[in-house]
Every structure is written in C-alpha cells, then in structure tokens.
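Let's take a walk through a protein structure together. Keep the 3D view open and turn it as you read.

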Amino acid sequence: MLRAALKYSYLNAKTRTMHARRLKPSDWHILETTKDPPAFLRYLSSTPYAPWVSRLLSARQQDHEQFERFIFAALFDDYRKIIRSIPDNDSLGLVRALAARFEAENLKIVLRALFSGLKKSQVSHLLYPLDQKLSSLPFNSLWKQDSLGDAVKFLAETVYGPMLRHALSQVDAQGRIFPLEMAIDIVCFRQINSAVHGVRSRRDRTSVVDVVNSYVDVVNICHVARIRFVYGLSAEEALNYSYSGGSLTIKGLHALARAKNLQALIKLLPLGMRLAAEGTEDIPGLRMALEDWLLRRMRRAFLGYPFHLGVQVAHLIEKEIEVRSLVRLFQAKATQYQMSQAELVPGILLKSGDSLGGEGVVQAG
Amino acid sequence: MSRVMGILGDFKLLHLINISETRLGKLGYSAGVPSDLLDRYDNVLKSIASLVRELEIKGPVPALEKAPIPDKDIFYMEETLADMENQVSGCLVRGREAAKELVKTEELISRLSMLGPADIDFERLSRLRFVYCTFGVLPADNMPRLEESLSDIHHSLITISRNRDRFVLAAFCLNEDREVLERALKSAFFKEIEIPSGLKGTVSEVIEGLKEQLPALERKAHQAREEKEAFRERFQKALLLMREKAFMARLLLEAQSKFGKIDHTYLVTGWLPIEIFPRLKDAIMKATRGRAIVESVDPEDVREVREGIVKIPILFNNPLLIRPFEKLTSLYGTPSYREVEPTVFLALSFVLLFGMMFGDVGHGLVLFIAGLYVFRRLYRYMDYGIILMECGVSSMVFGVLYGSIFGVEDIIPAIWLHPMKDINRFMMFSVYIGVGMISLGFILNIINMLRTRNFQEFLSAGGVVGALLYWLLAGLGIRYVMAGPPAPVEIMAAKVISAVLLLVMIVERPVRAILRRRRERGKSKSTRAEQGIASMVIESIIEALDSIIGFLANTVSFVRVAAFALTHAALFAGVFAIADMVAQGSGRGAGYWLTLVAGNIVIILLEGMVVSIQIIRLEYYEFFSKFFRGGGRPFQPLVKQEEVR
C-alpha cells in the first residue's frame with residue numbers, strides 16, 4: 001500500500017487535476033445552444049480548452065477537419081503529461097499502446113494516400129498531431145515510399161509488419177485498402193490487450209482490465225454492428241475483423257455477428273449494456289448509449305482505493321470521449337445539421353457534475 | 001553557330017552573361033533553347049541509361065577530347081544507339097526470360113516446400129468432387145477467430161506446419177460452403193499458396209521434378225549472362241563516351257538560352273580570362289570563315305560594372321598545390337573582383353601553423369601517406385589528399401626542428417627547440433607569427449582600399465592609422481621582450497604618436513560626416529534621421545578602444561599555436577605513461593606496443609582534427625576579418641567537367 005501510494009500519489013494528483021478540468025454540464029448546454037461555429041469556438045475558448053482553441057483561431061482555419069486536429073491536441077497533451085510521470089515501464093507500455101490507436105489512424109491515412117496517389121500536403125490536415133513521445137513510426141520516411149507495397153515493406157520491422165504483409169495480398173485480390181486498415185486496427189488492439197496483461201502489479205492489472213475491457217467491448221460491439229449492418233459483410237467476416245481483448249468471448253462476438261438486425265444484436269448484449277442500449281434504433285444511437293454505459297462504469301475507477309493505474313486509463317478514455325463529442329457537436333454546427341445535443345454527446349456528460357465519484361449530480365440546463 | 005558552341009565547349013573557361021538580364025534580352029531578342037533537339041538528346045540519354053543499366057556497365061568516366069557539335073552529332077548518336085539496341089535487345093530479352101523462369105521455378109519450389117510435411121498427392125486432390133480445398137498461410141493469432149467463424153459449416157483446418165507467428169494450413173469444406181470458407185479465410189488474412197493446376201504426384205515428387213529442371217534453366221540464364229558480358233566488353237567505352245558527349249551537347253544547348261539572337265545573328269557575351277581571348281577569337285574566326293565579330297571590352301568600360309550592377313566573376317587561378325585551399329576561402333566568401341585573392345596567404349599560413357602545432361616526423365609521415373592514398377585512389381577527394389600531404393610535409397619539417405618521431409624525442413636531436421622544454425620561447429615565437437599575420441592582414445586591407453578606391457576608410461581603425469597604431473604597440477612589445485624596457489624618450493614618443501593616431505581614429509568619422517553634410521546641404525532635403533555628431537564621437541571613442549582591445553586579443557590568440565604544440569607533446573607523454581603502466585603489469589610485450597599504436601592513432605585523428613579547426617579559426621577570425629570583405633561572384637564556366645559527369 002505504501003509502495004503504491006509512493007508510486008501513484010503524484011501521478012494521481014496530476015490526473016485528478018486534469019480530470020477536474022472536464023467540461024461541465026452547463027458548458028455542454030451553452031455549447032449546444034451556440035448559434036454557429038465561431039460562437040461555439042468563442043465559448044470554448046473560455047473553457048479549459050482555451051489554449052488549443054486560441055491556436056485554432058490564430059490559424060484562421062476553422063473548418064471541422066482543422067477543429068478535430070487542434071482539439072485532439074488537448075487529449076495528446078494529457079497523454080504526454082501522464083507518460084512523463086508514469087512510474088514503471090509496463091504501465092507506460094499500456095498508455096503508449098492506447099496512444100498507438102491515433103498513430104494507427106495516421107498510418108491508415110498515409111497508406112490510403114499512397115493507395116490513391118495523394119500527396120502529403122493533400123492529407124496532412126487529417127493527421128493527428130503526434131510527437132515522438134506518442135508515436136515512434138518514421139512517418140517522414142514512410143511518405144517517401146512510392147507504393148503501398150514499398151510502404152508495407154518499409155514497415156516490415158514494426159509491430160504492424162507481419163499482419164500488413166498478410167493483408168497486402170488481400171488488398172491485391174480485392175483492389176481496395178480495407179484489409180490493410182483492418183489489419184492495422186487489429187494489431188493496435190492486440191497491442192493494447194498484451195499491454196494490459198503485461199501490467200505486473202495485480203491491483204493495477206485488475207483496475208486496468210476492468211476499464212480497458214469495457215472500452216474494448218464497446219468498440220467491438222459497435223464495430224461488429226457497423227460491419228454487419230452498414231457495410232453488409234457476413235458474420236464470419238465481422239468476427240474475423242473484430243478486435244482482441246475485452247470481456248466478450250469469441251463465441252459471444254460470433255453470436256452478435258450472426259444477429260439478423262440491430263435489435264437482435266442488442267438483445268444478445270450483456271445485461272448492463274443491454275439495459276443501456278435498449279430502445280436505440282440505429283448504430284450512432286447504440287454507440288452513444290454504450291459510451292454512456294462505459295463512462296458510468298469507468299467512474300468506478302475514481303472511487304475507493306485510489307492508487308492504481310485504472311485512474312489514468314479511465315481519465316484518458318473519458319477525455320477522448322469528451323473530445324470526440326466536442327468534434328461531433330462542432331461538425332453539426334459547421335454543417336448546420338439539426339440534431340439534439342443528446343444525440344451527439346453521451347448523456348452522462350450532460351448530467352453528472354464535476355465530482356469524481358458521480359455524487360452531487362447537477363442537472364443539465 | 002553549332003561550331004562556335006563546340007569551340008566554347010572546348011575552351012570551357014567562359015562565364016556566360018544571361019542575355020535575358022540585359023537590355024537586348026528584355027526587348028525579346030533571346031535565342032531560346034532548341035526544344036526539338038533537346039528532346040532528341042533526352043531520348044538519346046534515356047536510351048544510353050537503359051543500355052548502361054541493362055548491360056550493368058560501370059567504370060571510369062572517359063574524358064572528352066573535343067566538345068560535341070550538338071546539331072550534327074545527334075544523328076551519329078541516334079544511329080549508333082539504334083544499332084547497338086538492335087544487337088543487344090535479343091540477348092537481353094533471352095536473359096530476362098531465363099531469369100524470370102528460374103525465379104518462377106524457385107518460387108514454386110519454395111511454395112511447395114511449405115506443404116512438404118503433408119506430402120499431399122495433387123492427383124488425388126484434383127479428383128475431389130464434392131470438397132473444396134485450399135492451402136495457405138495464416139497469422140497464428142487469427143486462428144481461434146477463424147475456427148469460430150467456420151463453426152456453422154462442415155470444414156476442416158489441417159495444420160501442415162507452424163512457427164512462432166504463422167500457420168501453414170490446408171482448409172477443406174464442402175463445395176456448397178466454398179463462399180463461406182473463402183470469406184472467412186479472406187477476413188482472417190489468409191495468404192493463399194498458389195499451386196498451378198495440372199501438377200501430378202506428391203509434393204516431394206513435384207519438387208524433385210522441378211529441381212531437375214533447375215540446372216537447364218540455370219544454364220540458359222548463364223548463357224544469356226555470358227552473351228551480355230560480351231556485349232558489355234564491346235560497347236562499354238563507346239556508350240560511356242557517348243553519354244559524356246550527349247550530356248555536354250545538352251549543356252551547350254541549354255546554354256543557348258543565354259544567347260541573344262536577331263534574325264540570323266547570334267550574340268554570345270561572357271567573361272573569360274584575357275589571356276585566352278586571342279586564341280578564342282582565332283578559333284571562332286577560323287570556324288566561321290570570318291563571318292563573326294569577336295570583341296573584348298574592358299570591364300571598366302562597361303557602365304553596369306562601374307555602377308556595381310554587374311559583378312565581375314572571380315576565377316580562382318592558383319597553382320596546383322594552393323588550389324585545394326580555395327575551398328576554405330570560398331567557405332568564408334568569394335572575394336570581389338578588385339579585392340586581393342587571399343588563397344595563397346591562407347595556404348601558406350595554414351601549412352606553417354599546422355606544422356608548428358602538429359610537429360612530429362612520424363605523424364607527418366602518416367598524414368603524408370594518407371594524403372597520397374586519397375590523392376591517388378579517391379579522385380573526388382583529391383584536393384583533401386593534397387592538403388593532407390602538404391600538412392604532412394610541414395609536420396615532418398617541424399618534427400625535425402623539434403626532434404620528435406612518434407613522440408620519441410631522443411632519436412634525432414632537436415634542431416630548433418623542444419616545445420615542452422622551451423615553453424616561453426615558443427610562446428613568444430607564436431605571438432610573433434600572430435603579429436606577422438595580423439600585419440599582413442592590415443597591409444592587404446590597405447591594398448584592397450586602394451584597389452577599390454575606398455579612401456574614406458583609410459584613417460579608420462582598420463586602415464593605415466589602425467595599422468600604424470598596431471605596429472607601434474607591437475614594436476614596443478617586441479622591443480621590451482628582446483632588449484628590455486624602452487627608454488623614457490621612446491615611451492614619451494610612443495605616447496604622443498599613439499595619442500595622435502587615436503585622436504585621428506576618433507575624429508575621422510565625425511569630420512567626414514560634417515564635410516559630407518556640408519557638401520549635401522542645399523542639394524537635397526534628406527528625410528532620413530541623421531545621427532548627431534556627439535553620439536558619433538562617442539561611438540568612435542568606443543570603436544577605437546574596441547579596436548585596441550581587439551588588436552591585443554587577436555595577437556594573444558596566436559598563443560594557441562604554442563598551446564597546441566604543447567598539447568601534442570603532452571598527449572605523447574600521456575600515451576607513454578599509459579604504455580609504461582601496461583608494461584609494468586605484463587612487460588614490454590604486445591600490450592605495450594598496442595597501447596602506443598592506439599595512442600598515436602588517437603592523437604593523429606583527434607588532435608589533427610582539433611588543430612585544423614583551430615587554424616581555420618585563426619585564419620578566419622584573426623586574419624581574414626582584417627581585410628576580406630567578399631561579396632564577389634564565383635566564375636561559372638560554361639561547362640564544368642563535374643557537370644558533364
């Protein structure tokens with residue numbers, strides 16, 4: 001206990017300070033009621049997101065793609081702060097593995113650009129701003145590759161290498177880049193899963209497994225639903241393209257993949273998720289409901305015994321959901337898409353107060 | 001015109017003036033580039049490159065004896081190339097096909113070897129009527145999901161072999177479930193092992209059969225290779241020479257964009273050394289049978305040059321031993337046309353200082369040998385080879401003067417002194433060298449002032465007055481060291497003279513400003529804020545004091561020459577001490593000598609580098625800064641040999 005306290009006291013204080021700087025329900029209410037993107041940004045610049053918004057305002061590029069790029073920098077800043085203070089290598093490995101999802105997104109964009117013959121300047125606005133701390137892939141050299149094949153060869157020595165090599169033959173056969181993108185995501189989640197199991201301290205591992213498994217389950221369920229009902233792929237493809245980790249078994253995922261429609265899929269979900277998702281009619285709704293469930297579940301990490309890695313992981317995932325919600329809301333403003341706030345932001349962000357334990361609930365608006 | 005271009009190419013030493021920058025060019029009378037001919041040369045170069053690549057031609061680049069005549073030589077080149085391509089193409093196609101077939105067979109063997117452990121009979125497989133089967137490689141981590149995804153159909157996944165991260169699988173299912181199996185395999189990133197249809201026998205039998213085919217295929221490939229080698233021998237020289245010619249012809253054609261043209265008359269203007277002008281004129285007149293006008297114009301007669309709009313390019317023209325140091329001069333800047341070209345001073349002082357700081361017969365010999373090797377073997381770095389050899393000789397000369405061979409000081413007697421034993425004398429000598437170099441800097445600066453007619457700086461700290469003050473102070477110092485303290489009269493005289501010189505240095509700028517303002521008064525109303533006289537005086541006082549301190553610092557800076565010579569000797573002492581410690585443990589065996597050799601290598605590499613850096617610093621900061629203004633334009637000959645390559 002004393003060791004854990006020594007290990008985590010500074011990091012915990014830091015994480016909880018960052019956590020306390022989340023947007024409040026009143027912020028969400030005002031952001032939703034803003035008239036247009038400039039007003040949205042003006043208000044956001046009075047919140048803890050001010051430094052990143054002011055950078056965006058000074059860049060004078062306020063389209064939604066630029067907004068995403070700038071606002072995600074706030075999340076990466078939290079990643080960097082946590083990485084700087086993390087006490088041991090196995091914990092660091094997990095946080096880095098979580099950050100690697102963004103590196104993977106960038107990698108997919110680069111490969112897509114190579115596939116479609118686009119130049120770096122044409123897609124650079126879509127790339128997440130990652131530095132050496134968060135990404136070790138040599139992107140500059142990657143851009144110099146002439147073709148997808150060369151790029152895969154270039155990546156041979158990275159974690160993505162073996163899987164990409166296998167996926168490349170599918171790209172050749174199918175004439176589309178989808179298999180490569182799936183391969184990258186699969187590797188990424190495999191890394192997270194092995195990083196979770198690589199955490200040595202039992203208490204850390206228990207707390208992290210709870211948070212990360214819940215997160216992976218949500219991602220997997222949405223992913224399977226999208227593959228089945230949006231892309232129209234078969235159950236076996238949905239299962240093979242699903243991600244490692246999480247508490248759902250392969251059999252459970254297969255059952256979900258075999259569901260005839262979304263309602264049938266929801267009926268097959270574990271109880272807690274099913275209750276949260278009941279009544280949703282489309283995949284965005286399902287995702288929102290599951291994110292809401294995930295956020296409630298992750299709140300447990302902040303309760304009780306405080307000295308464990310779950311706090312940091314939960315904060316990072318929660319922050320990511322907050323940032324993604326902000327992006328969705330901004331995109332809706334930018335495209336004048338009429339949608340209620342509840343359809344764009346998980347309910348819990350709109351309802352709960354800033355208390356770490358969820359007590360002292362403040363009703364939105 | 002093409003013959004004239006050939007002559008210009010032969011002469012090489014012509015720095016073309018771009019006509020488009022002149023009045024004539026701005027009026028549209030530019031010759032332009034003959035794009036059709038350029039395209040033809042591009043095609044020729046592409047064909048040559050392809051032949052050179054295909055025939056794997058490598059070797060020294062031949063020197064061109066005569067520049068090409070672009071619009072005539074193209075016909076010969078095109079014809080010769082077409083002929084060569086005709087002769088070579090059959091052999092190349094045969095070689096490619098043989099290599100392709102060989103690779104294909106080897107790949108098939110390697111693919112089939114993966115199925116080796118199962119030793120499948122392909123004939124029996126082909127007889128399966130209701131069962132679909134495929135072979136391939138699967139990432140090991142994907143196996144559980146693949147198994148589960150196929151749980152709804154009758155199937156069989158047979159592992160033929162596995163290693164750390166992959167399975168070699170045989171996947172079977174009923175024909176009616178083939179689509180499901182294929183979808184599942186595809187999504188599990190299953191990489192199919194392609195097996196050509198019509199194979200008969202077991203895997204091992206098929207591999208055996210393929211292996212038997214290999215020698216024949218190899219023979220075929222070998223035959224094609226030999227044929228290719230014969231062609232290489234035959235065409236190597238001609239192709240490389242043609243490539244050089246085509247490159248040069250292309251350069252000459254591109255240079256045409258700088259020519260002027262009025263109807264059928266071309267105008268070529270440029271800079272060239274005056275000595276070669278008569279020869280160039282003769283050659284052109286002969287080639288054009290007198291239908292050309294070749295004139296030389298003195299730069300002073302060109303208005304743009306007088307006004308400084310056009311800069312005269314500088315052609316370094318030093319003897320072979322000095323030429324490598326031009327690189328060091330250029331690194332600092334390109335001297336302007338009227339400035340003294342300082343490479344010769346830099347080269348001499350560099351070699352002298354290097355020898356002083358790195359004086360050792362053995363080390364000098366090592367440097368000389370290294371330089372000789374670079375000079376003879378590494379053509380591109382020939383200049384550095386020359387510098388190394390010169391520094392080596394200087395090092396050996398000073399080694400003899402110091403009596404040092406690989407740090408051993410008792411083999412030959414010191415003709416002059418031992419740096420470690422005669423420190424004060426050596427330091428004084430370094431300072432004298434410094435005084436000499438700084439004085440040379442002042443003299444060169446005065447010459448530059450005269451040549452550029454920059455008389456207004458004459459009385460400044462960098463001009464005659466500064467030089468006189470420096471020499472006065474230096475003279476006093478040398479007098480003190482050599483003959484003891486100066487007499488009171490001498491001190492009084494020095495005080496008076498230095499006070500006068502200082503006063504001149506302080507007031508020359510304000511006085512010039514007052515005179516200038518007086519001259520300009522009434523002529524035009526200046527809108528710019530002028531500096532006050534008082535502040536100018538204060539600035540001049542500070543500048544004068546700064547100059548005096550600078551003189552002192554610059555001179556003292558040369559003490560480093562002695563300091564590094566001492567370091568050189570001290571490092572030897574260190575190496576010998578370490579070697580002795582090794583000898584105490586194990587006697588004067590291999591360890592002792594290895595330590596000495598390693599120590600010497602470290603000294604040569606490390607100290608050689610440090611000494612070079614220090615000399616460059618002295619040259620640039622203490623010497624060049626006194627007179628070198630730069631801002632000149634390097635001479636760019638019409639065709640550089642490197643460009644052709």
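Start with one idea: buried area is the accessible area (1.4 Å probe) that two parts lose on being put together, summed over both. Those accessible areas come from the Shrake-Rupley method, and for residues only the protein chains shown count as cover. Bear in mind that this is a predicted model: local features need pLDDT of at least 70 and side-chain atom pairs count only at pLDDT 80 or more, while totals for chains, interfaces and linings use all residues. As for bookkeeping, residues are numbered from 1 along each chain as its sequence is written, chains are lettered from A and ligands numbered from 1 in the order in which they are written, and side-chain values use heavy atoms, with hydrogens and water left out.

Now find chain A. It splits into domain 1 (1-88 + 309-345), domain 2 (98-199) and domain 3 (202-308), with bounds that come from an automatic or database domain assignment. Look at the first two domains of chain A: the C-alpha centres of domain 1 and domain 2 are 25 Å apart. Their contact (heavy atoms within 4.5 Å) draws on 16 residues from domain 1 and 15 residues from domain 2. Between them, domain 1 and domain 2 of chain A bury about 1,400 Å², with 67% of that on carbon and sulfur atoms. On the domain 1 side, A:R69, A:F76 and A:R80 lose the most area to domain 2, together 40% of what that side buries.

What about charges? A salt bridge here is a side-chain nitrogen of Lys or Arg within 4 Å of a carboxyl oxygen of Asp or Glu. Domain 1 and domain 2 of chain A have 2 salt bridges between them. Elsewhere on your tour of chain A, look for A:E320 and A:R101, whose side chains meet in a salt bridge at 2.6 Å, N to O.

Next, how do the two chains meet? In chain B, 22 residues are in contact with 27 residues of chain A. The two chains bury about 2,100 Å² between them, 55% of it on carbon and sulfur atoms. B:R145, B:E148 and B:F189 supply 39% of the area that chain B buries against chain A, more than any other three residues. The interface also has 5 salt bridges. For a charged pair with one partner in each chain, check out A:R258 and B:D152, with their closest N and O atoms 2.5 Å apart.

Over all chains, the structure holds 39 salt bridges. In chain B, B:R250 and B:D42 make one at 2.5 Å, N to O. B:R250 sits in helix α8 (residues 203-255) and B:D42 in helix α3 (residues 35-54), so this pair ties together parts 208 residues apart in sequence. Helices here (H or I, at least four residues) are DSSP runs, numbered from the N terminus. Compare B:E182 and B:R178, which form a salt bridge at 3.1 Å, N to O. Both belong to helix α7 (residues 178-187) of chain B, 4 residues apart, about one turn of the helix.

Is B:E182 buried or exposed? At 32% relative accessibility, B:E182 counts as partly exposed, because that label covers values between buried (under 20% relative accessible area) and exposed (over 50%), with a 1.4 Å probe and protein chains only. B:R178 is partly exposed too, at 38%.

Terms used:
Helices (H or I, at least four residues) and strands (E, at least two) are DSSP runs, numbered from the N terminus.
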